[in-house]
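Please open the structure in a viewer and keep the sequence panel beside it. Each stop of this tour gives a selection and then a description of what is found there.

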Amino acid sequence: MDKNEEEIAAQNGNLEESSSTKDGSICGYESLHHLLSVNLKPHLYKEVSRLLIGLNCGKPLELIALPEAAKALSSKHDFDLQAFSFDADKELLREPQVVRVGLIQNSVALPTTAPLLDQKRAIFQKLKPIIDSAGASGVNILCLQEAWMMPFAFCTREKRWCEFAEPVDGESTRFLQEYARKYNMVIISPILERDVNHGETLWNTAIIIGNHGNIIGKHRKNHIPRVGDFNESTYYMEGNTGHPVFETAYGKIAVNICYGRHHPMNWLAFGLNGAEIVFNPSATVGELSEPMWPIEARNAAIANSYFVGSINRVGTETFPNPFTSGDGKPQHADFGHFYGSSHFSAPDASCTPSLSRYKDGLLISDMDLNLCRQLKDKWGFRMTARYELYADLLARYLKPDFEPQVISDPLLHKKSL
């Protein structure tokens, strides 16, 4: 490894214990919730927590006691492990529908200068103990981060990274199918897809692997960003799979990939198709989006009466060749710090604390899916929405001769005497 490679290796996010960096912390704390819990008196933290993360069925979220095997893997491999439970009110005519769900966030495992195959295989090895911890904890549905099997290289605009692309039944899928069968677990695997039947077209795709190891289906990213470094249309364009909801052994799930979280109607469409849990596997950096991160998914859960699992990768991924974004900023070799902070949101406005901003992590949640219908009954959003008005507006908006419905004050432009 030459000097340049050593520098890049040192800058890539927590590659090994000796090169771990705390640069992603908040004043030395792993997360905002950790900072507040340590520095506020208990009665103050209780009130701040009530306002920040809400109450579930009128009370704070309860911690889940996980098996020692799961905690031992977390300790040995130094990843954040947290678990919480969302309840629903008891019903007379329906039994609880409790499902255990997991989210994995992680940094890359090798520097981006390493051979591509070595990088991919190292990520596989890195995720094994985290997936095993999820399996030992009895997780029913597990979702990985966006493009988990590679560095997030799309914004470099270098075509060499296309070599990471795989068909739907490729190496990454086969790797996870074994775990799906082993743990009777549904796994969502977001990858860079190579569509061999359509001219080797590339897509940003989430593959849904059933609990028997079968491929249930796939969803391709609907919205492609063109924001600063995150101009991903060099690699793939908007998806063509609509807003599918996948009925699994453990509930109806959907995947709103990354940038789609900024589009409220994208969230709405998954809800209209009956989703109970929507996953948002993402890759985003602090300077660009962190104030939005705790808000958008939580708002979607409230507005659409479903659970949301938000995942963001961690670490700083440094690339061999500097790049620019056409925004006047100097060339640079990284996108900034991927701040992790993965969390769950519930339809009753409660949410979990976030995972670490700089460590790999596994977040587990028990969620009673009965809460989805209970909140629909309580707020009546589906009944009180005016879809016919929205549909009419959208139909008119799509026409070239559209004119906004604006009524001006007749005196607004009248000259005073």
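The tour below proceeds from one selection to the next.

The model is predicted: local features need pLDDT of at least 70, side-chain atom pairs count only at pLDDT 80 or more, and totals for chains, interfaces and linings use all residues. Residues are numbered from 1 along each chain as its sequence is written, and side-chain values use heavy atoms, with hydrogens and water left out.

**First stop: two residues with positive phi**

Select Cys57, in the loop between helix H3 (42–53) and strand E1 (62–63). Helices (H or I, at least four residues) and strands (E, at least two) are DSSP runs, numbered from the N terminus. Although Cys57 is not a glycine, its phi is positive, at about 55°. Cys57 is partly exposed, with a relative accessible area of 31%; buried means under 20% relative accessible area, exposed over 50%, and partly exposed in between (1.4 Å probe, protein chains only).

Next, select Asp78, which lies in the loop between helix H4 (68–77) and strand E2 (80–86). Asp78 is not a glycine, yet it has a positive phi of about 55°. With 29% relative accessibility, Asp78 is partly exposed.

**Second stop: helix H5 and the residues after it**

Select residues 116–136, which form helix H5. Its 21 residues reach 31 Å from the first C-alpha to the last, close to the 30 Å expected at 1.5 Å a residue; the expected span is 1.5 Å times one less than the number of residues. Centre the view on Lys128, where H5 bends by about 30° and a proline, Pro129, follows within four residues. The bend is the angle between axes fitted to the seven residues ending at a residue and the seven starting there.

Move on to Ser137, in the loop between H5 and E4. Is Ser137 buried or exposed? At 4% relative accessibility, Ser137 counts as buried. A polar atom of the Ser137 side chain lies 2.8 Å from the backbone oxygen of Ser133. Leaving aside neighbours within four places in sequence, Ser137 is in contact (heavy atoms within 4.5 Å) with Leu66, Pro67, Ala70, Arg100 and Ile364. Gly138, just after H5, takes a positive phi of about 80°.

**Third stop: aromatic rings**

The whole structure holds 23 aromatic pairs. Show the side chains of Phe154 and Tyr236: their ring centres are 5.1 Å apart and their planes stand at 80°, so the pair is edge-to-face. Rings of Phe, Tyr and Trp (its six-membered ring) pair if their centres lie within 6.5 Å; planes under 30 degrees apart count as stacked, over 60 as edge-to-face and the rest as tilted. Phe154 lies in the loop between strand E4 (141–143) and helix H6 (171–183), and Tyr236 in the loop between strand E9 (230–231) and strand E10 (246–248), so the pair ties together parts that are 82 residues apart in sequence. Phe154 is buried, with a relative accessible area of 1%, and Tyr236 is buried, with a relative accessible area of 1%.

Extend the selection to the cluster linked by ring pairs, which includes Phe152, Trp161, Phe164 and Tyr235. Add Arg160, whose charged end sits over the ring of Trp161, 4.4 Å from its centre. Add Lys159 as well, which lies over the face of Tyr235 at 5.3 Å from the ring centre. For such a placement, NZ of Lys or CZ of Arg is within 6 Å of the ring centre and within 35 degrees of the ring normal.

Methods:
A polar contact is a pair of N or O atoms within 3.5 Å; within protein, one must be able to donate a hydrogen and the other to accept it, and residues adjacent in sequence count only if both atoms are side-chain atoms.
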